[in-house]
Amino acid sequence: MTLAATRDAIFPRRRTAPPPPAFRHGRFALSILSDGALTLGGEILAPDAAPPARAALLARLGGDAAGAPVRMNLPLIRAGDELIAIDAGAGDAFQASAGRLARNLAAAGIDRRAVTRVILTHAHPDHVGGVIQPDGELLFPNADHHVGRVEWDFWTDPRFEERRPPALHGFARTAARALDAVAERLHLHAPGDEVVPGLRLLATPGHTPGHMSVELDGPEPLLLVGDACTHDVVFFENPGWRFGFDTDPDLALATRRRLLDRAAADRLLVLGCHWTRPLPGRVERRGAAYRLAPA
Ligand SMILES: [Zn+2]
């Protein structure tokens, strides 16, 4: 099937904007929607970088002293009768430059009411803030929502504010509100669970306690890693660096290394939410570091 035909199959309705990137993977047809962009400060993106290296890195990523822009790549997966969104974007819960998923779906000719499932990789505000739109409506009103049980337990702990640092309290309020809004259609998962045939959840903890990636069967597995590796350039080149928004930085680092080592060894296709290109690539080893090669 040509790329144009694939796009037409995924986006049958009238479009008002150029179609998002789209491709086939085994039985799945994917498109990568955008929720807009975020700006991440150097102390979040690369807290372990020495100041001169950090400034040079931010400049290379198109940023300045205040931070660097990062993308929001949100996969939408067609599998038979199912239309599955991975994460819901930020809504109005994070930065004003994000929260564009609803309008980008409409511009692509996709009816958000047709989405049957939403898999939440984790419950940070840029991933679940969009579950409830600024007007109070659900972004995907007809969808079952799926999240890891460990993730749900963490953010909905009634004693969260006693037990966790104040820096996380705002995140927890956003997470609990989003998860509560879909409670009647919320499925709590263990690692390895299959959501639809050929689509499994993979434990990738550390960024948050119950972070899950999505593994799709195909000619080779495709891993949608969410924020298990938050940035391709920064952490492929510096796999020993921590990320400022990781709940457990050391566990996150171990998870990321395990993921990248497996992806490199098995030549898997991989895409992260905030990576610089909205298409999967292949991970290659470069000495102690990695490189992302176009698929
Ligand atoms: Zn994120």
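Two strands are taken as paired if DSSP finds at least two bridges between them. On that basis, this predicted model holds an open sheet of seven strands in the order β8-β9-β10-β11-β12-β13-β14, with mixed pairing. Its edges are formed by β8 (194-196) and β14 (289-294), each of which pairs on one side only. Direction ignored, neighbouring strands of the sheet are turned by 35° against each other on average. Within it, strand β10 (residues 212-216) and β11 run antiparallel and are joined by three bridges; V214, for instance, has L224 in β11 as its bridge partner. Helix α10 (residues 249-266) packs on this sheet. The helix touches β9 (199-203), β10, β11, β12 (269-271), β13 (281-286) and β14, and its direction makes about 100° with that of β13.

A second set of strands comes earlier in the numbering. Strand β1 (residues 22-25) runs antiparallel to β2, and four bridges join the two. They form a hairpin with two residues between them, and G26 in the turn has a positive phi of about 55°. Across this hairpin, R24 stands opposite A29 in β2. Strand β2 is also joined to strand β3 (residues 68-79), by ten bridges, again in an antiparallel arrangement. Here the bridge partner of I32 is P75 in β3. How covered is strand β2 (residues 28-40)? Mostly: ten of its 13 residues are buried.

The zinc site is a good place to look next. Four protein donors, D126 (OD), H127 (NE2), D227 (OD) and H274 (NE2), lie 2.1 to 2.2 Å from the zinc ion. Why is the arrangement of the four donor atoms irregular? The angles they subtend around the zinc ion run from 89 to 160°, and four donors count as tetrahedral only if all angles lie between 85 and 135 degrees, or as square planar if opposite donors are over 155 degrees apart and all others between 65 and 115. Along the sequence, the donor residues follow the spacing D-H-x99-D-x46-H. Distant parts of the chain are linked by the pair H127 and D227, which are 100 residues apart. H127 belongs to helix α5 (residues 125-128), whereas D227 sits in the loop between β11 (222-224) and α9 (232-237). Both H127 and D227 are buried.

Turning to the rings, the model contains ten aromatic pairs. One of them joins F236 and Y290, whose ring centres are 6.3 Å apart; the planes stand at 75°, so this pair is edge-to-face. Because F236 lies in helix α9 and Y290 in strand β14, the contact ties together parts that are 54 residues apart in sequence. F236 and Y290 are both buried. F243 and F245 make up an aromatic pair that is likewise edge-to-face, with 6.1 Å from centre to centre and 75° between the planes. Are these two rings' residues buried or partly exposed? F243 counts as buried because its relative accessibility is 3%, while F245, at 25% relative accessibility, counts as partly exposed. F243 and F245 also belong to one aromatic cluster, together with F94, F171 and F235.

Conventions
Residues numbered from 1 in each chain as written. Predicted model: local features only at pLDDT ≥ 70, side-chain atom pairs only at ≥ 80, totals over all residues. Heavy atoms only, no water. Donors = N, O, S within 2.8 Å, 3.2 Å for Na, K, Ca; no water. Tetrahedral: all angles 85-135°; square planar, octahedral: opposite > 155°, others 65-115°. Buried < 20%, exposed > 50% of the residue type's maximum accessible area, 1.4 Å probe, protein only. Axes fitted to C-alpha atoms, helices over the stretch in contact; angles between N-to-C directions. Contact = heavy atoms within 4.5 Å. Phe/Tyr/Trp six-rings, centres within 6.5 Å; stacked < 30°, edge-to-face > 60°.
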